[in-house]
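Work through the exercises below with the model open. Try each task before reading its solution.

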Amino acid sequence: MKNYAQQQEFILNQITNKYLKRRDFSGCDLRGIDLKGIDLSGVNFIGADLSGANLSGCVLTRANLSGANLIQANLCEANLYEASLCEANFTNADLTRTNLCGTFLWRVKLTGSNLWGASLCDVDLREANLSEAKLIEASLIEANLSFANLAGAKLCGAKLLEANLTGANLTGADLTWANLTKANLTKANLWKTNLIYAKFRDTIMPDGTIEQPQIMIY
């Protein structure tokens, strides 16, 4: 019977050994494992426990992390282009400057996560939970955030051009200096939302009216 440390070393060897190249780690216990900077493109992590794992700088393009547990994981500057992250749990995870362009994030949990400067262009974030998340200066161009929970989220300076925020909950969110050009806010909840210096151009407001440049709400 291997102890926990031996199991971790065994799994790490399976990932990195060029003769083994195992690609399926679905359901595996990978808590706290250090995979920093490793090429994990296309790897199957469905339902795996990666809580507290170090995945900073990893290449996870087209990897499948659907339903995975990534609570407090470090994915700083990782590349998750076109990865599947549906219903994964990234609560309090570090995704600073992470590339998430084209990813599938339907119903993902990003509560309290740090997405400062992250690239989230053209992502599917329908019904995602981003409450209290830090999305400062993040790029969310053409992102689908319909019915997402962004209550208390920090979106200062975020780029939300042509983003779909239909029915999104932005209660108490901070969108200071955010760019909402051509964004769709139909039926979105803007209760106590900070929109000081936010940029509106051809933006569809919650009541369906189209906002022209540029307004300041105090």
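**Exercise 1. Place asparagine 194 and describe its surroundings.**

Step 1: locate the residue. Asparagine 194 sits in the loop between helix 1 and strand 1. Helices (H or I, at least four residues) and strands (E, at least two) are DSSP runs, numbered from the N terminus.

Step 2: note the basis. This is a predicted model: local features need pLDDT of at least 70, side-chain atom pairs count only at pLDDT 80 or more, and totals for chains, interfaces and linings use all residues. Residues are numbered from 1 along each chain as its sequence is written, and side-chain values use heavy atoms, with hydrogens and water left out.

Step 3: check accessibility. Asparagine 194 has a relative accessible area of 27% and is partly exposed. Buried means under 20% relative accessible area, exposed over 50%, and partly exposed in between (1.4 Å probe, protein chains only).

Step 4: list the contacts. Not counting residues up to four places away in sequence, asparagine 194 touches Ala173, Asp174, Leu175 and Thr176. Contact means heavy atoms within 4.5 Å.

Step 5: add a distance. Tryptophan 177 is 17 residues from asparagine 194 in sequence, and their C-alpha atoms are 9.6 Å apart in space.

**Exercise 2. Find the aromatic pairs and classify their geometry.**

Step 1: count. A search of the whole structure gives 2 aromatic pairs. Rings of Phe, Tyr and Trp (its six-membered ring) pair if their centres lie within 6.5 Å; planes under 30 degrees apart count as stacked, over 60 as edge-to-face and the rest as tilted.

Step 2: take phenylalanine 25 and phenylalanine 45. Their ring centres are 6.0 Å apart and their planes meet at 25°, so the pair is stacked. Both residues lie in the loop between helix 1 (4-16) and strand 1 (203-204), so the pair ties together parts that are 20 residues apart in sequence.

Step 3: are these two rings buried or exposed? Phenylalanine 25 is buried, at 0% relative accessible area. Phenylalanine 45 is buried too, at 1%.

Step 4: take tryptophan 177 and tyrosine 197. This pair is stacked, with 4.6 Å centre to centre and 20° between the planes. The two residues are 20 apart and link distant parts of the chain, each in the loop between helix 1 and strand 1.

Step 5: check their accessibility. Tryptophan 177 is exposed, at 55% relative accessible area. Tyrosine 197 is partly exposed, at 32%.

**Exercise 3. Describe the settings of threonine 96 and serine 84.**

Step 1: begin with threonine 96. Its place is the loop between helix 1 and strand 1. Threonine 96 is buried, with 10% relative accessible area.

Step 2: list its partners. Leaving aside neighbours within four places in sequence, threonine 96 is in contact with Cys76, Glu77, Asn114 and Trp116. Lysine 134 is 38 residues from threonine 96 in sequence and 9.2 Å away, C-alpha to C-alpha.

Step 3: turn to serine 84. Serine 84 is found in the loop between helix 1 and strand 1. At 18% relative accessible area, serine 84 is buried.

Step 4: which residues does serine 84 touch, not counting residues up to four places away in sequence? They are Ala63, Asn64, Leu65, Ser66 and Phe104.

**Exercise 4. Inspect two residues for their backbone phi.**

Step 1: recall the background. Most residues other than glycine have a negative phi.

Step 2: inspect glutamate 127. Glutamate 127 is not a glycine, yet has a positive phi of about 60°. Glutamate 127 lies in the loop between helix 1 and strand 1 and is partly exposed, at 40% relative accessible area.

Step 3: inspect lysine 182. Its phi is also positive, near 60°. Lysine 182 is in the loop between helix 1 and strand 1 and is partly exposed, at 48%.

**Exercise 5. Summarise the chain.**

Step 1: what is the secondary structure of the chain? It comes to 1 helix and 2 strands. From the N terminus on, the order is α-β-β.

Step 2: take the overall dimensions. The C-alpha trace spans about 65 × 25 × 20 Å along its principal axes.

Step 3: check burial. Of the 218 residues in the chain, 47% are buried.

Step 4: look at contact range. Among contacts between residues at least 6 apart in sequence, 2% join residues at least 24 apart.
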